[in-house]
Amino acid sequence: MDFYELPLNDNVLDALDAMRFEKCTPIQEKAIPVILEGRDLIGVAQTGTGKTAAYLLPILNELSKGTYPEDAINCVVMAPTRELALQIDQQMEGFGYFLPVSSVAVYGGNDGILFEQQKKGLTLGADVVIATPGRLIAHLSLGYVDLSRVSFFVLDEADRMLDMGFYDDIMQIVKYLPKERQTVMFSATMPDKIQQLAKNILHDPVEVKLAVSKPAEKILQAAYVCYENQKLGIIRSLFADQVPQRVLIFASSKLKVKEVAKALRQLKLNVDEMHSDLEQAQREEVMYKFKAGKVNVLVATDIVSRGIDIDDIRLVINYDVPHDNEDYVHRIGRTARADNDGVAITFINEKEQSRFKSIENFLGKTIYKIPLPEGLGEMPAYAPQREHAPHHHHGGHGGGTQKARGRKPSGNK
Ligand code: AMP
């Protein structure tokens, strides 16, 4: 569907035109009309689906009409991490360049100047505030932020916010907002606690869902629960009985890729590695050798997880738990292509348990945990509920920016 088929005003359509957005993505097609109608919304969608524009566009459509107070914060967007806040801010910056709407990004950092800049943006009443919970609360507690005239409240990646322990922070922020407001929540998954949160802060929401791609059923998935220093031992025992062939091992950093490749070379295995330190020509050479069967084991970062076209990979090993569900699906999707069966095994250390649990939630099933091979010692218990990702509370980390972009119909904030 083209954007002009949606009831967006000319300002927004011009901005889209300038940014060369022509067709809406499926989540945008579904979510934009609902938000324009003024309804609360729960959107189930992941990064990469266009979810950010799905809520920013209709909100900017309303804000650019010029009927909202100029000296007030009209919209608050909450994001779990500084990285996501920055990404949202970048899209906002794109749209804000063409629309009379200002914004400020508010996230953790220990830089006093940036804190002051955020304070200024918040005090002047930027139209859109994009914030991580801890830092927004830090500003709120100092008393100069007025959220009483907010018309739009957005929670992006709500499941991740709850995973990071931000439930109380969110509820505290909600207390500063007027009851009369439109609330939009996006989440990649819909576990019970998200539905509970939705019940608490949304009013009669419309649920908009994308059919998420799940891995092929014929991939046999399993996992080892272990300590980090047991991971190499597991690989050794997996490869002890027969020489591995067409095995792809993923690790999330190039440092780890190099370490694992080195350890496997010491086992006299035919191993190569792939990561962003290699030049394009080297990468092509590695891929060629792996495809041709001249290399049996390829150790790689996620640069290989998308779009490589090798049909008969027998085994994918996740040396560490992928950062998100999508990466998991992409990684294990490298096996069981075409008519082949495939096996995908993930190594989960103590710190990775909650992330793996959220992958299991996404898959809607529990992955079989293989007992550790003999001689490797005790394994940790799999108890992901008790694990918590680090809290990013008050003044956590990173920096902050304040920008006043675009113009108001009048005024200069
Ligand atoms: P998101 O899922 O919100 O992280 O968006 C993923 C990327 O897609 C961002 O870089 C957006 O700028 C881009 N994008 C979102 N919607 C569209 C669209 N309708 N047409 C082209 N690009 C888009």
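This passage describes the fold, the strand pairing, several helices and the ligand surroundings of a predicted model.

The chain contains 14 helices and 15 strands, and buried residues account for 54% of its 413 residues. Among the contacts in the chain with a separation of 6 or more, 80% are made by residues that stand 24 or more positions apart. No covalent link between cysteines contributes to this arrangement in the model, as a search of the whole structure finds zero disulfides. Two of the cysteines can nevertheless be placed in the interior, since Cys-24 is buried with a relative accessible area of 8% and Cys-75 is buried with a relative accessible area of 1%, both values falling under the 20% limit that defines a buried residue.

Seven strands form an open sheet with parallel pairing, in the order 10-11-9-12-13-8-14. The edges of this sheet are strand 10 (271-274) and strand 14 (368-369), each of which has a single partner strand, so that one side of each is left without a neighbour in the sheet. Strand 10 is joined to strand 11 (residues 297-300) by four bridges, and the two run parallel; within this pair, Val-271 stands opposite Val-297 of strand 11. Helix 12 (residues 280-291) packs on the sheet, where it touches strand 9 (247-250), strand 10 and strand 11, and the direction of helix 12 makes about 140° with that of strand 10. Helix 13 (residues 325-332) also packs on the sheet, touching strand 8 (219-225), strand 9, strand 12 (315-318) and strand 13 (342-348), and its direction makes about 150° with that of strand 12.

Helix 13 includes Asn-325, a residue that is buried, with a relative accessible area of 10%. Residues up to four places away in sequence being left aside, Asn-325 touches Gln-46, Thr-189, Ser-358, Ile-359 and Phe-362. Of these partners, Ser-358, Ile-359 and Phe-362 are themselves among the buried residues of helix 14 (residues 353-363), a set that also contains Gln-353, Phe-356, Glu-360 and Leu-363. The buried residues of helix 14 pack against helix 7, strand 8, helix 13, strand 13 and strand 14. Just after helix 14, Gly-364 adopts a positive phi of about 75°.

A further set of parallel pairings is centred, for the purposes of this description, on strand 5 (residues 152-155). Strand 2 (residues 75-78) is joined to strand 5 by four bridges, and these two strands run parallel, with Val-76 standing opposite Phe-153. Strand 5 pairs with strand 6 (residues 182-187) in the parallel sense as well, again over four bridges, and the bridge partner of Phe-152 in strand 6 is Gln-182. In a regular strand, side chains alternate between the two faces of the sheet. Both faces of strand 5 are covered, with Phe-152 and Val-154 on one side and Phe-153 and Leu-155 on the other, all of them buried.

Helix 6 (residues 133-141) is likewise mostly covered, eight of its nine residues being buried. These buried residues are Pro-133, Gly-134, Arg-135, Leu-136, Ile-137, Ala-138, His-139 and Leu-140, and what covers them includes strand 2, strand 3 (103-106), helix 5 (112-124), strand 4 (128-131), helix 7 (158-163) and helix 8 (167-175). Just after helix 6, Gly-143 takes a positive phi of about 95°. Helix 8 contains Ile-170, which counts as buried at 2% relative accessibility. Although Ile-170 and Gly-134 are 36 residues apart along the chain, their C-alpha atoms are separated by 9.1 Å. With residues up to four places away in sequence not counted, Ile-170 touches Leu-155, Met-161, Leu-162 and Leu-197, and Leu-155 is one of the buried residues of strand 5.

Turning to the ligand, 13 residues lie around it, of which Lys-23, Gln-28, Gly-48, Gly-50 and Thr-52 come nearest. A polar backbone atom of Lys-23 is 2.8 Å from a nitrogen atom of the ligand, while an N or O atom in the side chain of Gln-28 is 2.7 Å from a ligand nitrogen atom. The side chain of Thr-52 places an N or O atom 2.6 Å from an oxygen atom of the ligand.

Notes: Residues are numbered from 1 along each chain as its sequence is written. This is a predicted model: local features need pLDDT of at least 70, side-chain atom pairs count only at pLDDT 80 or more; totals for chains, interfaces and linings use all residues. Side-chain values use heavy atoms; hydrogens and water are left out. Two strands pair if DSSP finds at least two bridges between them. Contact means heavy atoms within 4.5 Å. Axes are lines fitted to C-alpha atoms, for helices over the stretch in contact, and angles run from 0 to 180 degrees between N-to-C directions. A disulfide is a pair of cysteine sulfur atoms within 2.5 Å. Buried means under 20% relative accessible area, exposed over 50%, partly exposed in between (1.4 Å probe, protein chains only). A residue is near a molecule or strand if one of its heavy atoms lies within 4 Å of it. A polar contact is a pair of N or O atoms within 3.5 Å; within protein, one must be able to donate a hydrogen and the other to accept it, and residues adjacent in sequence count only if both atoms are side-chain atoms.
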